[in-house]
Amino acid sequence: MSASPEIVCPACGRDALLLRQPRYDGFTKVGETLSCASCGHVFESEADVQFVSRKKVEVFTTADRSKDVKVFGEGENRRLCRYCAHYVVNPFMQWCALHKKEVQATDTCSQFTPKPPEKKAIL
Ligand SMILES: [Zn+2]
């Protein structure tokens, strides 16, 4: 959370910063006064504040990151055991069904067989 979140002010209709000022009853903080930094409009409660949505931006950022990871994994990782049709994973070990031996997900194999796409959903 930013210290000065951006809002769309219903009073002045502008993108503005939200001002938060602590409200005190004596020495006890009883709440915050939320107001528009642009025109001074005071909001009844935080529920009335229309924040400029940053969440969508974050979602896109996350999606972009995972895409980057996939692109990074494309070439080299293509031959890794974890992407191989013979690779079997269970709670106790990772197993190569072709060589009948324990493997690591990051092992590479000359007899790599691409896993059918539908099995990716399990991972
Ligand atoms: Zn305003």
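# A guided tour of two sheets

Welcome! The protein chain you have open has one helix and seven strands. Keep in mind as you look around that this is a predicted model. Colour by secondary structure and follow the chain from its start: the pattern along the sequence is β-β-β-β-α-β-β-β.

**Stop one: the four-stranded sheet.** Begin with strands E1 to E4. These four form an open sheet, in the order E1-E2-E3-E4, with antiparallel pairing. Select residues 6–8 for strand E1 and 42–43 for strand E4; these are the edge strands, and each of them pairs on one side only.

**Stop two: E2 and E3.** Now select residues 15–25, which make up strand E2. How many bridges join E2 to E3? There are eight, and the two strands run antiparallel. For one example of a partnership here, show proline 22 together with glutamate 32 in E3, its bridge partner. Then move to the turn: E2 and E3 form a hairpin, with two residues between the strands. Click on glycine 26 in that turn, where phi is positive, at about 70°.

A general point to try out while you are looking at strands: in a regular strand, side chains alternate between the two faces of the sheet.

**Stop three: E3 and E4.** Select residues 28–36 to light up strand E3, which is joined to E4 by two bridges, again in an antiparallel arrangement. Show the side chains of serine 35 and valine 42: serine 35 stands opposite valine 42, which belongs to E4. Next to look at is leucine 34, whose opposite residue in E4 is phenylalanine 43. This pair of strands is also a hairpin, with five residues between E3 and E4. Which residue in the turn has a positive phi? Select glycine 40, with a phi of about 85°.

**Stop four: the three-stranded sheet.** Travel on to strands E5, E6 and E7. They form an open sheet in the order E5-E6-E7, and the pairing is antiparallel. Strand E5 (87–89) and strand E7 (101–102) are at the edges and have a single partner strand each, so one side of each has no neighbour in the sheet. Select residues 94–96 for strand E6; two bridges join E6 to E7, and these strands run antiparallel. Show cysteine 96 and you will find lysine 101 of E7 opposite.

**Last stop: the whole chain.** Zoom out to take in all 123 residues of the protein chain, of which 9% count as buried. Finally, consider contacts between residues at least 6 apart in sequence: 44% of these join residues at least 24 apart.

Key:
Residues are numbered from 1 along each chain as its sequence is written. This is a predicted model: local features need pLDDT of at least 70, side-chain atom pairs count only at pLDDT 80 or more; totals for chains, interfaces and linings use all residues. Two strands pair if DSSP finds at least two bridges between them. A residue is buried if 20 or more other C-beta atoms lie within 10 Å of its own, exposed if 12 or fewer, and partly exposed in between; C-beta atoms are placed from the backbone. Two residues are in contact if their C-beta atoms, placed from the backbone, lie within 7 Å.
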